[in-house]
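Please open the model in a viewer and keep a selection tool at hand. The tour below proceeds stop by stop, naming what to select and then what is found there.

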Amino acid sequence: MEQYKEEFIEFMVDCQVLKFGAFVTKSGRNTPFFVNTGFYRTGEQLRRLGGYYAKAIASKYGTDFDVLFGPAYKGIPLTVATSMELSAQYGADIRYCSNRKEVKDHGDKGILLGSPIGDGDRIVIIEDVTTAGTSIGETMPILKAQGDVDVLGLVVSVDRMERGNGKKSALSEIREKYGMETTAIVTMSEVVEHLYNRPYKGQVIIDDAMKAAIDAYYKQYGAEE
């Protein structure tokens, strides 16, 4: 596993973004692990997060694209932090854009916040976590309404590796439905590999009992691919 992936896993634990216990996902699944990017709350945390996203984007898509789009609301700080790190690390001056939940009818009118989007723009979408792919279904019509755009792909922080609406993973379903590439900074398989029975700061985060709970979850919800 690449070093930045291991660092990112430990970074999520430090920020209390990655937690283990008993949770319910947005799609109603009882899960033993949860990822909440709302716990990135300081400037330093966002700078580091943007750096990890920038590495994942550059390794998958390169930096020859025009717009980084983050769906409201959590996608707003993700686009800002990551576009800054794409500039700092790779010298790529990528425009950032997000949507508003409500269309603004005065001042800076419209549904978009940040850069306008138009014909010919090549776009990468950035999100926190995709479990069932519902948010992409809301995002794509917004992007397509702006003009003849090319959505290159989607990057998320963690691939939960579970079924979307069918038997395949949500990221696989998105690839097939929208014809775009998908990538993640890390997968849950990599998280388990790095943390299982390995002390981190004096604590074993994934012990045998938690590993059994994770395995049981994937037996029920794990994706075929």
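**First stop: a lysine in a helix**

Select Lys144, which is found in helix H4 (residues 134-144). Helices here are DSSP runs of H or I with at least four residues, strands are runs of E with at least two, and both are numbered from the N terminus. At 45% relative accessibility, Lys144 counts as partly exposed; buried means under 20% relative accessible area, exposed means over 50%, and partly exposed lies in between, with a 1.4 Å probe and protein chains only. Now add Phe8 to the selection: Lys144 and Phe8 are 136 residues apart in sequence and 33 Å apart in space, C-alpha to C-alpha.

The model is predicted, so local features need pLDDT of at least 70 and side-chain atom pairs count only at pLDDT 80 or more, whereas totals for chains, interfaces and linings use all residues. Residues are numbered from 1 along each chain as its sequence is written, and side-chain values use heavy atoms, with hydrogens and water left out.

**The whole protein**

Zoom out to the full chain. The secondary structure comprises seven helices and eleven strands. The radius of gyration, taken over C-alpha atoms, is 18 Å, close to the 17 Å that the globule rule gives for 225 residues, so the protein is as compact as a globular protein of that length. The globule rule is 2.2 Å times the number of residues to the power 0.38. Along the principal axes, the C-alpha atoms fill a box of roughly 55 × 35 × 30 Å. Of the 225 residues, 49% are buried. Contact means heavy atoms within 4.5 Å; among contacts between residues at least 6 apart in sequence, 71% join residues at least 24 apart.

**Helices H1 and H2**

Next, select helix H1 (3-14) and helix H2 (residues 43-61). The axes of H1 and H2 come within 11 Å and cross at roughly 145°. Axes are lines fitted to C-alpha atoms, for helices over the stretch in contact, and angles run from 0 to 180 degrees between N-to-C directions. H1 passes H2 in a left-handed crossing; a crossing is left-handed if the near helix is turned anticlockwise from the far one by less than a right angle, and right-handed if clockwise. Phe8, the residue selected earlier, is one of the H1 residues that meet H2, and its H1 companions in the contact are Tyr4, Glu7 and Phe11. On the H2 side, look for Gln45, Arg48, Leu49, Tyr52, Lys55, Ala56 and Ser59.

**Helices H2 and H3**

Keep H2 and add helix H3 (residues 75-90); the two pack at an angle of about 70°, with their axes 7 Å apart. H2 and H3 are therefore roughly perpendicular to each other, a term for angles of 65 to 115 degrees. H2 passes H3 in a right-handed crossing. Residues of the contact include Leu46, Gly50, Tyr53 and Ile57 of H2, and Leu78, Ala81, Glu85 and Leu86 of H3.

**Helix H6 and its surroundings**

Which residues of H6 are buried? Select helix H6 (residues 188-195), where six of the eight residues are buried: Met188, Glu190, Val191, Val192, His194 and Leu195. These buried residues pack against H1, strand S1 (18-24), strand S2 (30-35), strand S8 (150-159), strand S9 and helix H7 (208-221). The axes of H1 and H6 come within 10 Å and cross at roughly 85°, which makes H1 roughly perpendicular to H6. Lys5, Glu6, Ile9, Glu10, Met12 and Val13 of H1 make the contact with Glu190, Val191, His194 and Leu195 of H6.

Then move to Thr183, in strand S9 (residues 181-187). Thr183 counts as buried, at 15% relative accessibility. Not counting residues up to four places away in sequence, Thr183 touches Ala56, Lys60, Tyr61, Leu154, Val155 and Val156.

**Backbone details**

Finally, inspect the backbone at these places:

- Asn197, just after H6, takes a positive phi of about 50°.
- Lys201 has phi near 55°, lies in the loop between strand S10 (199-200) and strand S11 (203-204), and is exposed, with a relative accessible area of 65%.
- Met161 has phi near 60° and lies in the loop between S8 and helix H5 (170-178).
- Ala72 and Tyr73 are joined by a cis peptide bond, with omega about 0°; Tyr73 lies in the loop between strand S3 (67-70) and H3.

Key
Parallel < 35°, antiparallel > 145°, perpendicular 65-115°, else oblique.
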